[in-house]
Amino acid sequence: MDWPLATHQVLARLGFGVVGFVPDAGHKRLIELCQADTRMRAVVMTTEEEGIGLATGAWLGGAKTVLLMQSSGVGNIVNALGMVRECRIPLVIIVTMRGEYGEFNPWQVPMGQATAPVLRAMGAVVQQANAAAEVAAHVEAAARLAFGSYCAAAVLVSQRVIGIKNFQEQAAQ
Amino acid sequence: MSLQRRDVVQALLADRGALLVVAGLGSTAWDCTAAGDDALTFPMWGAMGSAAMTGLGLALAQPARRVLVLTGDGEMLMGLGSLATIGVQQPANLSVVVIDNERYGETGMQATHTAHGVDLATMARAAGFASGVLVRDMAGVAALRQGVHKAAGPHFAQIKVAAQKVPLALPPRDGTLLKNRFRQALLGEDAARQ
């Protein structure tokens with residue numbers, strides 16, 4: 001199951017015009033698909049926090065944004081998410097999980113375990129995709145919810161789907 | 001004679017036409033309100049460090065419109081990475097202007113890094129902005145205003161102003177109101193049904 005391809009097709013069909021990301025192994029293929037798509041503006045950022053301003057400004061101007069980040073990046077957006085909630089900015093966030101299913105790096109575990117609670121604490125709706133075949137459908141549902149209800153909706157893609165088990169695999173991606 | 005922040009912002013926003021404005025939290029948002037509350041100004045009451053990126057998102061979504069971010073030195077310092085991100089994207093319609101009083105105005109006028117010589121304009125040029133200028137007089141402000149409306153950017157300017165307390169001029173606080181009035185003014189009545 002090529003979940004990045006299926007997810008990219010959903011994002012294109014729903015008219016997402018802006019894709020904000022910080023490079024990430026789990027998102028590598030989806031990022032490349034978005035960069036190659038002339039309908040989307042792929043914006044590489046220095047920190048995930050920049051994505052909240054990006055998405056807010058884009059929506060003020062009428063464009064839909066999806067943010068791609070790793071679970072550690074969720075820690076970088078917490079305060080800024082207050083603007084999304086207060087202004088009711090629709091936003092889809094796709095999070096590749098670390099520190100969650102068979103993690104080998106202990107430094108990833110604290111934020112991985114805090115990812116869903118932190119997102120919920122800031123008012124984002126959280127959906128968990130545990131299999132590759134679920135991801136695109138979850139993203140489509142999250143987009144419907146976010147743009148129908150004017151809020152942030154996050155899809156957490158389990159480490160089970162990403163499948164990185166050690167440093168050698170991570171470096172080889 | 002130091003520049004007065006309210007004079008500077010008033011001059012930059014004079015005859016603003018179709019200009020879209022993002023105002024960073026704190027004094028610059030109050031300055032914009034003092035110059036005239038406007039549906040096409042989005043004043044931020046939080047998310048410190050996000051003003052320049054909010055301007056980038058707006059500039060990318062509206063490439064045919066000119067976008068001006070007006071923010072403070074403390075707010076800009078909290079989002080310095082966004083200068084690099086804007087430098088990569090090269091939005092020709094975006095200007096980021098820092099009203100630099102070298103102080104954190106809302107927390108007791110403590111010195112910011114710019115008071116110690118940190119040079120934001122040089123940083124912006126190094127990040128790839130088409131221009132990055134330090135402005136110290138009203139002639140420079142007038143030239144900057146021309147560039148904001150006409151010249152190919154992205155532009156950056158750091159305008160040194162007097163560190164002074166000025167009367168509060170507060171925009172509406174409700175985020176959904178600020179968002180909806182901006183989108184309606186820019187995108188039309190149907191914006192609320194999208």
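This is a short dialogue on reading features of a two-chain model, from its interface down to single residues.

Q: What kind of model is this, and how are its parts numbered?
A: It is a predicted model, in which local features need pLDDT of at least 70, side-chain atom pairs count only at pLDDT 80 or more, and totals for chains, interfaces and linings use all residues. Residues are numbered from 1 along each chain as its sequence is written, while chains are lettered from A and ligands numbered from 1 in the order in which they are written.

Q: How many residues does each chain bring to the contact?
A: Two residues are in contact if their C-beta atoms, placed from the backbone, lie within 7 Å. Here chain A gives 30 residues and chain B gives 29 residues. On the chain A side, β1 (16-21), β2 (41-44), α3 (50-60) and α5 (81-87) each supply at least two residues; helices (H or I, at least four residues) and strands (E, at least two) are DSSP runs, numbered from the N terminus. The most comes from α3(A), with nine residues. By class, this side has 14 nonpolar, 11 polar and five charged residues, where Ala, Val, Leu, Ile, Met, Phe, Trp, Tyr, Cys and Pro count as nonpolar, Asp, Glu, Lys and Arg as charged, and the others, Gly among them, as polar.

Q: Which residues have the most contacts inside the largest nonpolar core?
A: In soluble globular proteins, nonpolar side chains tend to be buried together. A nonpolar core is a set of buried Ala, Val, Leu, Ile, Met, Phe, Trp, Tyr and Cys residues joined through C-beta atoms within 7 Å. A residue is buried if 20 or more other C-beta atoms lie within 10 Å of its own, exposed if 12 or fewer, and partly exposed in between, with C-beta atoms placed from the backbone. The largest core has 110 residues, and those with the most contacts inside it are A:Val92, A:Val95, A:Val155, A:Val157, B:Val97 and B:Ile159. Its largest share, eight residues, belongs to helix α3 (residues 51-61) of chain B.

Q: What does A:Ala153 touch, beyond four places in sequence?
A: A:Ala153 sits in strand β6 (residues 152-157) of chain A and counts as buried because it has 25 C-beta neighbours inside 10 Å. Its partners include A:Val92, A:Ala142 and A:Ala146. A:Val92 in turn also touches A:Val66 and A:Val139, among others.

Q: Why are the buried residues of α1(B) on the same side?
A: An α-helix has 3.6 residues a turn, so residues three or four places apart point the same way. In helix α1 (residues 5-13) of chain B, the buried ones are B:Arg5, B:Val8, B:Val9, B:Leu12 and B:Leu13. They cover an arc of only 120° around the axis, which puts them on the same side of α1(B); the arc is that of the directions from the helix axis to the C-beta atoms. They pack against α2 (27-34), β3 (67-72), β4 (94-100), α7 (138-149) and β8 (155-160) of chain B.

Q: Where does the backbone deserve a second look?
A: B:Asp15, which follows α1(B), has a positive phi near 45° in a residue other than glycine. With 7 C-beta neighbours inside 10 Å, B:Asp15 counts as exposed. A:Arg88 also has a positive phi, of about 55°, and is partly exposed, with 16 other C-beta atoms within 10 Å. Finally, a cis peptide bond with omega of about 10° joins B:Gly153 and B:Pro154, and B:Pro154 lies in the loop between α7 and β8 of chain B.
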